[in-house]
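This report describes one protein structure for a reader who is new to the subject. Please look through the sequence and the structure before reading on.

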Amino acid sequence: MRNGCATGALIAALCAGLCATSALADCAPGVVDIRGGFGQARFTVDVADTGAERALGLMFRESLPKSAGMLFVYDTPQRASFWMKNTLIPLDMIFADASGRVTRVHSNAMPQDLTPIDGGEGVAAVLEINGGLAEKLGIGPGDELRHPALDARVAAWPCD
């Protein structure tokens with residue numbers, strides 16, 4: 001029976017190692033995880049981390065899969081303001097600071113609207129998803145985003 005315990009311990013250790021490897025693999029450039037009082041959500045994302053990519057954003061797209069979005073990443077935290085020029089679908093904008101904490105959520109930005117949407121100061125990342133989805137899921141200020149672009153040294157929910 002003693003060997004049975006050792007075998008069980010070995011299997012448990014192997015499983016723990018595989019689970020840890022899987023968790024690291026889950027934190028990938030094309031994925032954003034969000035957690036909060038509502039639970040967790042995962043979105044496949046395109047990353048806009050250059051000025052040209054951020055300027056284009058989700059313009060001209062006619063649809064967006066429910067579990068998809070775009071993550072805008074800034075080199076340094078700053079005031080971020082968006083508009084919906086040439087954007088054909090309603091979007092929610094989830095603004096986050098350098099730690100990945102959600103600071104603001106703007107719901108249902110109207111297609112083609114030129115009104116500036118201010119995310120405030122200290123924005124390091126913005127996740128755009130389908131309009132109304134943040135409210136439906138319960139995503140709000142204080143929730144945490146996880147993505148490799150966020151500095152693990154200050155991230156509330158680091159990838160490593």
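Does Lys66 count as buried or exposed? At 54% relative accessibility, Lys66 counts as exposed. Buried means under 20% relative accessible area, exposed over 50%, and partly exposed in between, with a 1.4 Å probe and protein chains only.

The model is predicted, and for this reason local features need pLDDT of at least 70 and side-chain atom pairs count only at pLDDT 80 or more, while totals for chains, interfaces and linings use all residues. Residues are numbered from 1 along each chain as its sequence is written, and side-chain values use heavy atoms, with hydrogens and water left out.

## The chain as a whole

The protein chain has three helices and seven strands. Helices (H or I, at least four residues) and strands (E, at least two) are DSSP runs, numbered from the N terminus. Along the sequence their pattern reads α-β-β-α-β-β-β-β-α-β. Of the 160 residues of the protein chain, 37% count as buried. About 8600 Å² of the protein chain is exposed, and carbon and sulfur atoms supply 58% of that area. Such accessible areas come from the Shrake-Rupley method with a 1.4 Å probe, and for residues only the protein chains shown count as cover.

Contact means heavy atoms within 4.5 Å. Among the contacts in the protein chain with a separation of 6 or more, 70% are accounted for by residues 24 or more positions apart.

## The disulfide

The structure holds one disulfide, a term for a pair of cysteine sulfur atoms within 2.5 Å. It is formed by Cys27 and Cys159, whose sulfur atoms are 1.8 Å apart. Cys27 lies in the loop between helix 1 (2-26) and strand 1 (31-36), and Cys159 in the segment after strand 7 (144-146), so the pair ties together parts that are 132 residues apart in sequence. Both Cys27 and Cys159 are buried.

## Lys66 and Asn130

Lys66 lies in the loop between helix 2 and strand 3, whereas Asn130 is found in strand 6 (residues 117-130). The two residues are 64 residues apart along the chain, and their C-alpha atoms are separated by 6.6 Å. Not counting residues up to four places away in sequence, Lys66 touches Phe43, Asn130, Leu133 and Lys136. With the same kind of exclusion, up to four places away in sequence, Asn130 touches Leu64, Pro65, Lys66, Pro90, Leu91 and Asp92. Asn130 counts as buried, at 18% relative accessibility.

## Two residues with positive phi

Two loop residues have a positive phi although neither is a glycine. The table sets them out.

| Residue | Phi | Location | Relative accessible area |
|---|---|---|---|
| Phe60 | about 70° | loop between helix 2 and strand 3 | 52%, exposed |
| Asn86 | about 60° | loop between strand 3 and strand 4 (91-96) | 24%, partly exposed |

## Glu53

Glu53 lies in helix 2. With a relative accessible area of 35%, Glu53 is partly exposed. Leaving aside its neighbours within four places in sequence, Glu53 is in contact with Val47 and Ala48. The C-alpha atoms of Glu53 and Phe72 are separated by 8.4 Å, and these residues are 19 residues apart along the chain.

## Pockets

Rolling a probe the size of a water molecule over the atoms shows where empty space is left. On a 1 Å grid over the protein atoms alone, a cavity is a set of points where a 1.4 Å probe fits but cannot get out, and a pocket is an open set with protein on both sides within 12 Å along at least five of seven lines; lining residues have an atom within 4 Å of a point. Grid points are joined across faces, edges and corners, and a volume is the space filled by probe spheres set on the points.

The largest pocket holds about 250 Å³ of space. Of the 19 residues that line the largest pocket, Arg54, Ala55, Phe72, Phe82 and Trp83 are the closest to its centre. Helix 2 (51-56) and strand 3 (68-82) are the elements that give two or more residues to this lining. Strand 3 gives the most, with seven residues. By class, the lining of the largest pocket has 11 nonpolar, four polar and four charged residues. Here Ala, Val, Leu, Ile, Met, Phe, Trp, Tyr, Cys and Pro count as nonpolar, Asp, Glu, Lys and Arg as charged, and the others, Gly among them, as polar.

The second largest pocket has a volume of about 150 Å³. Its lining includes Val73, Tyr74, Asp75, Ala98 and Val154. Strand 3 supplies the largest share of this lining, five residues.
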